[in-house]
Amino acid sequence: MCTKRTMNGFPILSALSTADAAGLATFHQVADSALAFDGYAPFNEQALYDLQSGHRTAHLVRTNELVVGASLSGHGEIDLVISPAYRRRGFGRTAARELVQAEPNDVTAWSHGDHPAARALANELNFVAARTLLELRRPLLDEAEASALPSGENISAFRVGIDEPEWVALNALVFATHPEQGSITESDLAARQAESWFNADDFLILRNAAGDMIGYNWLKVDGAIGEIYVVGVHPDAAGRGLGRVLMQAGLHRLAEAGCTTASLYVEADSLGPVHLYRALGFVDYTVDVQYRRFAN
């Protein structure tokens, strides 16, 4: 079941209900075709979690009955991708205008890969660049174990059913100014724990001598590319080199798991973390830019 939005007499956007399994399967097929062609995903993980939880709506972009793209909207955010075979025909411009018109307030949109065509369209629609997200990668070789920790401090695996509240509270503190990461709830954490890639042994927790959680490095092992999913250190423990220790522990763990490449995402203006990651051998892989249009 879908609701069609029209322009100039023919359907452009078809909004999918959460019960439309066939429509959602087509949505993911479009996304997969773009990933295979471009080398990066058109929708980020948080956007897909929002779709799964019903916080955002999926659309198919159609011309007549032919599906030429897919999009997400809701909560002041839009995402759009056109299937590789149907690009450069104006479908993206028409669909983007429809999506923007449906959002009366401030609205943001990601350009994954910072594609020049997306940049030009953003400018045409009066969007301005607001955030830049870097994906960095480095090869994994014979990774050394983490440096020695002060007496009493240790790194161990996340304890499912025990550590959730403490981790959510620490993560909120570490990422207090981050629009997505800092707002993760225990329900959001549970959704990620339900994923096939989740392994508590890949969720490294740093504790002090009193047993309090003061840092973490959550790893995502899913094939040859292992991701530093999120890493953080309690603000009170900053400046002691614990971020580097956690990174070394994570890289060692990824190599042990058989990964050949490590990847991570970081805000370009997070100068301290970016400096650390580059010092550890990470280099640029892709650049994502979030554009924002402010309501008049």
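**Notebook: Phe-282, helix H8 and the annotated site**

I began at Phe-282 in this predicted model and listed its contacts beyond four places in sequence, which are Leu-136, Arg-137, Arg-138, Met-247, Leu-251, Ala-262, Ser-263, Leu-264 and Tyr-277.

I then looked up the largest nonpolar core, which has 26 residues, and found Phe-282 among those with the most contacts inside it, together with Ile-228, Met-247, Leu-264 and Tyr-277. At least two residues of this core come from each of S7, strand S9 (203–207), strand S10 (213–221), S11, H7, S12 and H8. The largest share, 6 residues, is supplied by H7.

Tyr-277 led me to helix H8, which spans residues 271–279 and in which Val-274, Leu-276 and Tyr-277 are buried. Why do I place these residues on the same side of H8? They cover an arc of only 160° around the axis, and therefore they share one side of the helix. As a reminder to myself, an α-helix has 3.6 residues a turn, so residues three or four places apart point the same way. On the other side of H8 I noted Leu-271 and His-275, which are exposed. I next asked which elements the buried residues of H8 pack against, and found strand S7 (128–139), S11, H7 and strand S12 (261–267). After H8 comes Gly-281, for which I noted a positive phi, near 100°.

I turned next to the UniProt record, an unreviewed entry, whose "binding site" annotation covers Val-231, Gly-232, Val-233, Ala-238, Gly-239, Arg-240, Gly-241, Leu-242, Gly-243 and Arg-244. I may be dealing here with an inferred annotation, since such annotations may be inferred rather than shown by experiment.

From that list I checked Val-231, which lies in strand S11, residues 225–233. Is Val-231 buried or exposed? Its relative accessible area is 14%, so I class Val-231 as buried, the cut-off being under 20%. Beyond four places in sequence, Val-231 touches Phe-175, Tyr-216, Asn-217, Leu-246, Met-247 and Tyr-277; of these, Met-247 and Tyr-277 are also listed among the residues with the most contacts inside the core.

I then checked Arg-240, which the same annotation covers and which sits in the loop between S11 and helix H7 (242–256). With a relative accessible area of 42%, Arg-240 is partly exposed. Leaving aside neighbours within four places in sequence, I found Arg-240 in contact with Pro-150, Glu-153 and Ile-214. The side chains of Arg-240 and Glu-153 are joined by a polar contact of 2.9 Å.

How values were computed:
Residues numbered from 1 in each chain as written. Predicted model: local features only at pLDDT ≥ 70, side-chain atom pairs only at ≥ 80, totals over all residues. Heavy atoms only, no water. Helix = DSSP H or I, 4+ residues; strand = E, 2+ residues; numbered from the N terminus. Buried < 20%, exposed > 50% of the residue type's maximum accessible area, 1.4 Å probe, protein only. Contact = heavy atoms within 4.5 Å. Polar contact = N/O pair within 3.5 Å; in protein donor to acceptor, adjacent residues only side chain to side chain. Arc of directions from axis to C-beta. Core = buried A, V, L, I, M, F, W, Y, C linked by side-chain atoms within 4.5 Å.
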